[in-house]
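Q: Please take a close look at the charged side chains of this protein. Where do they pair up, and where do they stay unpaired?

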Amino acid sequence: MRIKRLVLSTLLFSLFIGLSGCLRAAGKPAPSDIYGGYEYDSCVYINPLSSFMPIKGHMPGYIVAEYSLTITNPDGTEERVSVSYNVKKAGPEVFSTEFESIGPDIDEDAEIWQFFAENERGFQIYYVDSELWLAKRDSERLWSIYRLASSDE
């Protein structure tokens, strides 16, 4: 009888721990959840007025940290941008008025978090269905959205 109780207690405890982890993963992400090194993975959106075409292997690397976004250009030069985070849940409509023409196909059920990397250079960070997107905008328009992949080993 003691063994059955012990096994049952262990199973219930394991289930509770597992569910707790799932609930945290599905909740509001913290800025520290995205800290790390990233590289360009693909282009989600490029403004049709832009003359730039991103090419994998020829794009900067990015380091997202507590107070900065560091951009390491292919030639090795670095630019550090001061950032301040304010994590906020959003929906696909966050992008709907931003596109000059057809934008990316974002599922209406997509889980989108704006990290509002407030800074003087117009970078914004979005966490879209477990993908990290880096957007670049100026005062008038959205110029690009890049999907980033972790470069941390």
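A: What follows goes through the salt bridges, then a buried arginine, then a charged surface patch.

The model is predicted. It holds three salt bridges.

Start with lysine 56 and aspartate 41. Their closest N and O atoms are 3.2 Å apart. Lysine 56 sits in the loop between β1 (36-46) and β2 (61-64), and aspartate 41 in strand β1, so the bridge ties together parts 15 residues apart in sequence. Lysine 56 is exposed, at 52% relative accessibility. Aspartate 41 is partly exposed, at 29%.

Next come arginine 121 and glutamate 79, with an N to O distance of 1.9 Å. Arginine 121 belongs to the loop between β6 and β7 (123-128) and glutamate 79 to strand β4 (residues 78-82), so this pair joins parts 42 residues apart in sequence. Arginine 121 is partly exposed at 29%. Glutamate 79 is partly exposed at 26%.

Arginine 147 bridges to glutamate 131, with 2.8 Å between the closest N and O atoms. This pair links strand β9 (residues 142-150), which holds arginine 147, to strand β8, which holds glutamate 131; the two residues are 16 apart. Arginine 147 is partly exposed at 23%. Glutamate 131 is partly exposed at 30%.

Strand β8 (residues 131-137) also holds arginine 137. Arginine 137 has 17% relative accessibility; the cut-off for buried is under 20%, so arginine 137 counts as buried. Its side chain makes a polar contact with the side chain of tyrosine 126, at 3.3 Å.

Now the surface patch. Asp105, Asp107, Glu108, Asp109 and Asp129 gather there as a patch of negative charge. Aspartate 109 lies in the loop between α2 (93-96) and β6 (112-114). Aspartate 109 is exposed, with a relative accessible area of 63%.

Definitions and conventions
Residues numbered from 1 in each chain as written. Predicted model: local features only at pLDDT ≥ 70, side-chain atom pairs only at ≥ 80, totals over all residues. Heavy atoms only, no water. Patch = residues over 30% accessible without salt bridge, like charges linked within 9 Å, V, L, I, M, F, W, Y side chains within 5 Å. Areas by Shrake-Rupley, 256 points an atom, 1.4 Å probe, with all protein chains shown as cover. Salt bridge = Lys/Arg side-chain N within 4 Å of Asp/Glu carboxyl O. Lys, Arg positive; Asp, Glu negative; His and termini not counted. Charge placed at Lys NZ, Arg CZ, Asp CG, Glu CD. Helix = DSSP H or I, 4+ residues; strand = E, 2+ residues; numbered from the N terminus. Buried < 20%, exposed > 50% of the residue type's maximum accessible area, 1.4 Å probe, protein only. Polar contact = N/O pair within 3.5 Å; in protein donor to acceptor, adjacent residues only side chain to side chain.
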